[in-house]
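Please take a moment to look over the sequence and the model shown here. The report that follows walks through a few places in turn, with short headings to guide you.

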Amino acid sequence: MATMKIGFIGTGVMGTGIIQNFLKAGNEVVVFNRTKAHADTVIEAGAAWAASAREVAAQADVTISMVGFPKDVEETYFGENGVFKGAQPGTTVIDMTTSTPSLAAKIAAQAHQQHLTALDAPVSGGDIGAQNGTLTIMVGGDRAAFDKYTPLLNEIGQRVSYFGAAGKGQHTKMANQIMIAGTMTGLTEMLVYAQNAGLNLNDVLSTLEAGGADNWSMENYVPRILQNDYTPGFFAKHFLKDLRIALQEADKMGLDLPATKQAKQLYEHMVDDEKLGNDGTQGLILTYPKWQK
């Protein structure tokens, strides 16, 4: 598609990689982040700075957000200096934060009132996917807007899929996070077991990658653990937020998800008790007493 002016709010670990790929594709990008210093990397790469989400939206053909928690999304869109104070009729807003389906529906309703279109488009793939432009993007909301902006999303993703009305992208991301919960607890306890059995962990990893146990989390996070690297490709505190949302949504549907509840408890111990919420999700292993770094 033709290049366009993109507004982007949130220049964290994920947002930075996404913005850089938009810039590489020739788009004009204007950004805002609550802490301006965290936007230095993308500004040096060619993005322009705006002083608020409102100012970003006033300049952009499409305004994209990727912030931390649902309360941050709420402020980004509905605050006094939020997106809806600046967005021009006929433009589109896309929230890529993993947030609640109900908030996605609220954003879509307000967008409709202001003659805008809205998409919820959470992603999977971590920092590596953001850097390499290989994210998986799960979309809900206005179908015409999805069709229009699929080429743009393809600049940052290897799979872009539409799931239905506003909130359906968020529901799909919850399904994704439920699956990830199993792989993260599995890889953690696999390593603890293998180490205590006296096995060579690099050999174990090579073997499991060649068999039925292979999965994305193991391939990407076990090498970091073996190098004592717990920097966040995805913050543990954000993963815990996602698991809480997933279980809240499950409760609304009358579902009991005991394995996901156990994963939430493990990450609560990591984030709330051990104060490791700013580590990557692979830092869960640090909460196991029998793990030797």
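## A first stop at V123

Is V123 buried or exposed? V123 has a relative accessible area of 6%, so it is buried. A word of orientation before going on: this is a predicted model.

V123 belongs to strand β7, which covers residues 123-124. Setting aside neighbours within four places in sequence, V123 is in contact with M14, M66, M96, L135, T136, I137, M138 and K173. For a sense of distance, you can also find A165, 42 residues from V123 along the chain. The C-alpha atoms of V123 and A165 are separated by 17 Å.

## Helix α1, largely enclosed

M14, one of the contacts of V123, is also one of the buried residues of α1. This helix takes in residues 13-24. At 1.5 Å a residue its 12 residues should span 16 Å, and the C-alpha atoms at its ends are 17 Å apart, so the two values agree.

How many of the 12 residues of α1 are buried? The count is 9, so the helix is largely enclosed by the rest of the structure. The buried residues are M14, G15, T16, G17, I18, I19, N21, F22 and L23. After α1 comes G26, which has a positive phi, near 95°.

## Strands β1, β2 and β3

Next, follow the chain into strand β2, residues 28-32. Of its 5 residues, 4 are buried, which means that β2 is largely enclosed by the rest of the structure. Strand β1 (residues 5-9) runs parallel to β2, and 5 bridges join them. The path of the chain goes from β1 through α1 to β2, making a right-handed β-α-β crossover. In the pairing with β2, K5 stands opposite E28.

β2 also pairs with strand β3 (residues 48-49), again in the parallel sense, over 2 bridges. Here V30 stands opposite A48 of β3.

## A60, a buried loop residue

A60 sits in the loop between α3 (53-59) and β4 (62-65). Why does A60 count as buried? Its relative accessible area is 5%, and buried means under 20%. Leaving out neighbours within four places in sequence, A60 is in contact with K5, I6, G7 and T91. Among these contacts is K5, the residue that stands opposite E28 in β2.

A213 lies 153 residues from A60 along the chain. Their C-alpha atoms are separated by 45 Å.

## Helix α9 and T172

Helix α9 has 29 residues, running from 168-196. From its first C-alpha to its last it reaches 43 Å, close to the 42 Å expected at 1.5 Å a residue. Just after α9 you will find G198, with a positive phi of about 80°.

T172 lies in α9. With 18% relative accessibility, T172 counts as buried, because the cut-off for buried is under 20%. Not counting residues up to four places away in sequence, T172 touches M138 and F163. M138 has already appeared here, as one of the contacts of V123.

## Two loop residues with positive phi

H115 has a phi near 65°, a positive value in a residue other than glycine. H115 lies in the loop between α6 (101-113) and β6 (117-120). Is H115 buried or exposed? Its relative accessibility is 61%, so H115 counts as exposed.

N228 is also a residue other than glycine with a positive phi, near 55°. You can find N228 in the loop between α11 (216-226) and α12 (236-252). N228 has a relative accessible area of 43%, so it is partly exposed.

## A cavity inside

Rolling a probe the size of a water molecule over the atoms shows where empty space is left. A search of the whole structure finds 1 cavity of 30 Å³ or more. The largest cavity has a volume of about 70 Å³.

Which residues line the largest cavity? They are D95, S99, T100, L103, A104, I107, A108, A118, L119, D120, A166 and Q170. Both α6 and β6 supply at least two residues of this lining. The most comes from α6, which gives 4 residues.

Key
Residues numbered from 1 in each chain as written. Predicted model: local features only at pLDDT ≥ 70, side-chain atom pairs only at ≥ 80, totals over all residues. Heavy atoms only, no water. Expected span 1.5 Å × (residues − 1). Buried < 20%, exposed > 50% of the residue type's maximum accessible area, 1.4 Å probe, protein only. Contact = heavy atoms within 4.5 Å. Pairing = 2+ DSSP bridges. Right-handed = clockwise from strand over helix to strand, strands pointing away. 1 Å grid on protein atoms, 1.4 Å probe; cavity = no way out; pocket = protein on both sides within 12 Å on 5 of 7 lines; lining within 4 Å. Points joined across faces, edges and corners; volume = space filled by probe spheres on them.
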